[in-house]
Amino acid sequence: MAPRSQRLDPILKIKQRQQDDVAQQAAAREAAHAEQQARLEALQRYAAEYSQPLQGSTINPALLANRLAFQEKLQQAVQQQSQIVDRTREEMGLNLPYWQQ
């Protein structure tokens with residue numbers, strides 16, 4: 001009969017593989033969240049830049065209406081991206097390895 005440590009080796013290997021898988025999944029969720037956060041920040045910067053008034057120029061009513069409509073779409077995009085960031089933040093907290101709970 002094999003020593004107890006040798007009999008436990010397969011179980012330990014399985015457990016280690018499971019822990020490695022959980023760690024990889026957590027890293028993937030963190031990377032996805034970071035990417036979505038970066039997109040949100042880029043959209044926010046773009047929206048802030050675009051909302052600055054035009055300096056020293058007059059704008060006809062049609063162009064003004066287009067500009068305002070685009071600003072509204074930008075704000076909607078920022079809101080949607082913010083929701084995505086919130087969701088990925090929540091997903092990062094799901095399925096935490098047991099040693100982090």
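These legends accompany close-up views of a predicted model.

**View 1. The largest nonpolar core.** Here you can pick out five residues, L40, A47, L74, V78 and V85, which form the largest nonpolar core. Helix 1 (4-50) and helix 2 (61-93) are the elements that each give two or more residues to this core. Helix 2 supplies the largest share, three residues.

**View 2. The buried face of helix 2.** Follow helix 2 and you will meet its buried residues: R67, Q71, L74, V78, Q81, V85 and T88. These buried residues pack against helix 1. It helps to recall that an α-helix has 3.6 residues a turn, so residues three or four places apart point the same way.

**View 3. Helix 2 from end to end.** The 33 residues of helix 2 should span 48 Å at 1.5 Å a residue, and its end C-alpha atoms are indeed 48 Å apart, so the two values agree. At the N-terminal end, look for N60, which caps helix 2. A side-chain oxygen of N60 lies 3.0 Å from the backbone nitrogen of A62.

**View 4. Around Q36.** Q36 belongs to helix 1. Its relative accessible area is 14%, and because the cut-off for buried is under 20%, Q36 counts as buried. Beyond residues up to four places away in sequence, Q36 touches Q81, I84, V85 and T88.

**View 5. Around V85.** V85, one of the core residues, is also among the buried residues of helix 2. Setting aside neighbours within four places in sequence, V85 is in contact with H33, Q36, Q37 and L40. Among these partners, L40 is itself part of the largest nonpolar core, while Q36 is the residue featured in the previous view.

Technical notes
Residues numbered from 1 in each chain as written. Predicted model: local features only at pLDDT ≥ 70, side-chain atom pairs only at ≥ 80, totals over all residues. Heavy atoms only, no water. Core = buried A, V, L, I, M, F, W, Y, C linked by side-chain atoms within 4.5 Å. Buried < 20%, exposed > 50% of the residue type's maximum accessible area, 1.4 Å probe, protein only. Helix = DSSP H or I, 4+ residues; strand = E, 2+ residues; numbered from the N terminus. Contact = heavy atoms within 4.5 Å. Expected span 1.5 Å × (residues − 1). Polar contact = N/O pair within 3.5 Å; in protein donor to acceptor, adjacent residues only side chain to side chain.
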